[in-house]
Structures are given as structure tokens and as C-alpha cells.
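I sat down with a fresh coffee and a new model to page through. These are my notes, in the order I looked things up.

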Amino acid sequence: MIFTKLNAKGKWLLNRFNIPRQTIALGLLFGILVVVFLAGRALFVPRSFGLYGHYRGDAIKDNESLAIQFAGSTACADCHADIFDLKAGSFHANVACEVCHGAAADHIADPGKMKQSAPRERGLCPLCHNYNPARPTGFPQIITDRHNPGKPCMKCHNPHDPKPPSVPAGCNECHRAIANQLAVSPHAALDCTICHDVPETHKISPRQNRPGKPNNNNFCGRCHAKPADTSTNAPPAAELIPTHRVEIKTHAGRYLCWECHYPHHPEAGP
Amino acid sequence: MHESVADIAQIISGATGYVYPNEYLLQWGLLIVMYPFLTGLVAGAFILASLERVLGIKELFPVYRLSLLAALAFLLAAPLPLLAHLGHPERSLEMFLTPNLNSAMAMFGFVYAWYLLVVLLLEIWFDYRKQIVIWSREKTGAMKFLYKILSLGIDDISPEALRFDDKIGKFITIVGVPSAFLLHGYVGFIFGSVKANPWWSSVLMPVVFLFSAIVSGMAVVLLIYMVTAWFRWKKPGMACLHKMGELLLYAMLVDLALEMLDFIHRLYESEESIHILRDLVAKRLFISLIISQVVLGSLCPLVGIVFARFGKLPDEVRRMLYFLSAMLVLIGIYSVRWNVVIGGQLFSKSLRGLTVYKTSLLGMEGLFMSLGLFILPFVILYVLVKIFPPWTGNEESAGETAAPS
């Protein structure tokens, strides 16, 4: 009865305002789409969304209620002081124990019940030490497939005091990325020590004994000034570069040479 | 982004100058090249259709519906390269549920939805409504059921109702033109607003993208029209081809002028990036920019279209010239997308070095995936043409003739 009345009323409205029927059907369809969209929003968007920012506000409470898994970087020292002190003086000083041994809160609470894992296989160390060009220069990197394949890292390196098993023979052992670029650059003939003052102890304690770097434009001018200094102090490659000579004072102004020219791979063209 | 050690070694050895470590490997590959290419085809095909509808260019009548269906097919396939590149396609819905109003990409989701739901589908529905009702009466079985659903239960095809359909269709087209401009202007906007990248950062980028979109859309519709005509054993109408050729010529001239303007502006401005950009063009993009984009993709088709339209040639030769020119235009516009997307990642932000890009064949970012995503819209178009045959039977008046058997 009520539907018949509504139908009659609808027809009257359509005729009264001359509304085409196809627009009514489309309007209904779009209306349904909008309702589905709004219902979807009400259903799927958490109520606390946007409370503090563009994220679910309750996420903070969720994180607060999580059980604490990690014990912290100094908790191990109470019982394992010898290993802790050894590591504190090593290259791994800033690598927390739990990075390799896993979360230790349960172990601290009851050492007898919960034992920490000690990874001895080959897979863990390459997470940090596999070759990746994005890693900083000097950071020890290997190509895992080629570096003593199949041999566990711990056979040669003590993870609590990691050192190369032998003193590196040359700069390229640690500075591989720079060495690769230098090898194909016009500076390939130059030995690293021409520009860098490298103490012998740098190979054993690289961070405590850092190599020197040129600090003024006159250093580059030894080869690249016009005219170049060909006295006995000049490096042996001076005669190999008849071009690339500039008036050092006027060419660079207040800039340093290496602010525009990368010394390990300078421009090849004239 | 799962290159082997050998690939990485090859890329690093191919790089020159100083490249920051995180710039050796490109983050955006073939799929991101395909995305602006496909959206460009959408916008271009729609704008071609709207020329017939809004400006009343009657020569384009045979391609009006084909253009709309092509735009829809490309629009349905266009987001797939992005979703395939990002992974987790289900997360894209969150952009609609909890949109970040400050994100151009998030807002574009709504532009996309508007364009699909309000512009393209509505225009096609109003344009086909009469046929849908007729087919829902004539067809049998599943097709009858499908057309019944598509008619939304409205079977009124009285002259008043059809007049209303025509009026509202025209209105939607008028609204649709700025929407199509937005659709592709946005893609250029995304690249143009990356201020750290001197190859991309330009206010002209959205406009250049838009006109290259119009060029590519017209070219692809021209090709689709010729191929579908041959499959129907018809000769493509010369009046329609001439008009499309003319419009393509004008759009290409504007596009070329804008690109030259951008180029000259960069040269004259001579910012600190000009040296690396010169190296980029000379050493990395010479084939894809100078040869493929400028010579093959712009100059050759310009000459081809001028000869086909204004030369004294037999119709068969004209058709062949149009076909070849449109193919070259598509190759040229794909090269534009390649040069923007890949080119913009080949030089270091240090402005002192260039890296290299190595295309893989297999995998999500590989050549075959990209090819598949390019073929997909044509499959969708085939299905759409089966459901909504765009030929009304009046094409003969537009110059189409039956091919001699």
C-alpha cells in the first residue's frame, strides 16, 4: 500500500519537474556508491585515526602495552664483564650485544631458564659487511660469495674484537670503492701516498691514526698550476699532464679544488 | 631491485665521474616509464573524442566512440604499472579511505576516480544508452542479461529522453576536457615539482606532458582506427584520417615548440646543472633523445604527415604514411617518457657523474612485464568493442569504403 503511494508520488514528482528517468537511476547508483564508500570508511578507518596526526592514535597505546623484549646495551656487563670490556675497545664497540645475540630481557630475568643464541653460521655478518656501495668508505666490506666461500666468519675473526687476520697490504683492501674509481681515472698512476700522508699505524688502528689530506689549493697546483712546479718536490706524474693547467689563484677564487673536482676521478676531457 | 653482484659490478664500472653511493642503481625502471605513457594515451584519446563532441568536428565521427573506449581501456590499465612497482596493491585503497590532503599523489587518486566514474563511464553510458536498451531487447542469453544490467532498468528511448542524453553527454564532455588536462598535467606536475632534480624541475613540465599526451593519444587512436577498419574489411575514411592527421600535426608543432622553449630556456638560464645535463644528453640519452625522440619521433612523422595531408599522392600511399608516422610518434612519445623517467636518474645530485641503467628481461620490473602491461589495454579494448561495438553503420558517409575483395 505504502509502496504504491510512494510510486505514485514519485511519478508525480518526475512529471511535475520533468526529471528524466535515467538520471534517477544514475543518481540511485551513485548514491549507493557513496553510501558504500562511507560505510567502508566507517568500517575500515579506526576511530582513533587522526587523533594526534595522520595515523591511528591507538597505535601509541598498543606500543605502550607491548612487553619489553630488550634489556639494553649495558645489561650484559654485570655477568659478562670480560667480553663486554673486550668489545668496548674494539670496532664493534657501538654494536649492542643484542644485535647478534637477540633480545635478552627474558635471559636477564632468569638466566638459567632462557639461553641467548650465539650465531656461528655465515649468514649474520654479511648483513652489515656484504658489499654495498651505499656503505661509507673504509667500512670493511666483502663480496660474500667470493670471500672464503663456505667458511664461517668466526674461523678468522673474533666478533667481540674483529680485526683482519693479517695487516692489510694496501689501501684498496679497505677503500675498495675509491680504489675502483681511481683505477679508471686520469689519476690512476698516482699512488695514494702522493696526496695522503699515511702513518704506518693506520693499517693497524685506522681510527686512532687517521691519514692526512691536502688542505690548500697549492697542493693541486704542484701539478696543475700554470706553470707547474717541476722541481724535485713535484710528484712523478707531473710530466704526464701537459694540459689541465690553470692559474690557481684566479681559477678557483675562494673555492678549494676538490669542491668542484673529485680527486679520485677527475674529469678526463681538457 | 634485485640485481646480482655481477650486475651491480657492471653498473658501477659503467658509471663515470662522482656518483653518490645511493645513486648507482635506479629506483624507477620500465614500469614507471610505462605509467605516464599509458595515462598520456588516455588523456589524448579523450581529448580527440571531445573535439568531435564539443567543437563539432564531424570528420572525426567514425573515431568518436572508438576514442572513448580506447581511453577507458588505457585508463583501466594505467594504474597497474604503479601497483606492480610498489607491491601491495591493496594498500592503494587506504589512499581513498584516509587521504593525506597535503599529498599531490593522494589527491590524484580522487582526480583519477572522478575521471573514471564521473567523466568517462558516464559519457560512454549516455552515448550508448539507446543502443544498450535496443540490445537488451534484441540479444539473448547472458548478453541480454548484461545489457539489462547496464541499462540500469531504464528502457526509455523516447526522443525527449535521447535529446537529454545528448545534452548531458555534451556537458560531461565539456567538464571532461579540463579533467583530462588535470589527469595528465598532474603526472608532469609530480616530476616538475621535484626541485632537487634539475632535469625534472620545471614549471613547463605539466604543459609539455599534456601536449605530448595529446599527441600520443591522437596517434594511438589513428592507429587503432586504421587497424580496426582493415579488420572489418573497410578502407579507413580519408576525410577522418586527414582531419586526425591535421590535428596531430598541430598538436605536434605545439608540443615541439614547448619542448624547444624548455630547452632554450635551460640553455639561456645556464644554471650550475647545465654541464651535467649536456653530458647526460650527449653520453647517455643520445640515442633515445636525439635519434628516437627528436629525429624519428618528431621530425620524420612531421614530414610524413605534411606529405600525407598536403602532398599529391595516391590514397594508399597517404594511408601508409599516416600509419608509419603514427607509429613513429608513439615510439617518439615513449622515448619522451623514457628520457624523463630514466634520464632524470642517470646523473648524480653531485652534478659530477653519470650512472647507467641496465634493463632486465624477466621479473616484475622487466621488459616482458612492461610489454604485457602495454598489450593489456588492447585486450581490454577488444572486450569493450565486443560489448559496445563503436560502429554505427554511418561510417560510409564519413568516407569509409568497403575494401575490394
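**Domains of chain B**

I began with how chain B is divided: the domain assignment gives domain 1 as 29-193 + 360-393, and domain 2 as 235-353. A reminder to myself before going on: this is a predicted model.

Next I looked up the spacing, and the C-alpha centres of domain 1 of chain B and domain 2 of chain B lie 26 Å apart. Where they meet, I found 12 residues of domain 1 of chain B in contact with 13 residues of domain 2 of chain B.

Which helices of chain B each supply at least two residues of the domain 1 side that touches domain 2? I noted α2 (30-54) and α3 (61-77) of chain B. Of that side, α2(B) gives the most, with 6 residues. I also sorted this side of domain 1 of chain B by class and got 10 nonpolar, 1 polar and 1 charged residues.

**Chain B as a whole**

I then stepped back to chain B in full, which has 14 helices and 4 strands. Its C-alpha atoms fill a box of roughly 70 × 60 × 40 Å along the principal axes.

I checked the radius of gyration too: chain B has 23 Å, which agrees with the value near 22 Å that a compact globule of 405 residues would have.

For burial, I wrote down that 42% of the 405 residues in chain B are buried. Taking contacts in chain B between residues at least 6 apart in sequence, I found that 81% join residues at least 24 apart.

**Chain A**

On to the partner. How many helices and strands does chain A have? I wrote down 12 helices and 0 strands. Reading along the sequence of chain A, I get α-α-α-α-α-α-α-α-α-α-α-α.

Buried residues make up 8% of the 270 residues in chain A. Of the contacts in chain A with a separation of 6 or more, 48% come from residues 24 or more positions apart.

**Where the chains touch**

Last, I looked up the meeting of the two chains: 18 residues of chain B are in contact with 19 residues of chain A. On the chain B side, α1 (5-14), β1 (16-18) and α8 (159-192) each supply at least two residues.

What is the class make-up of the side of chain B that touches chain A? I have it down as 10 nonpolar, 5 polar and 3 charged residues.

Key. Residues numbered from 1 in each chain as written. Chains lettered and ligands numbered in written order. Predicted model: local features only at pLDDT ≥ 70, side-chain atom pairs only at ≥ 80, totals over all residues. Buried ≥ 20, exposed ≤ 12 C-beta atoms within 10 Å, placed from the backbone. Contact = placed C-beta atoms within 7 Å. Domains from an automatic or database assignment. Nonpolar A, V, L, I, M, F, W, Y, C, P; charged D, E, K, R; others polar. Rg over C-alpha atoms; globule rule 2.2 N^0.38 Å.
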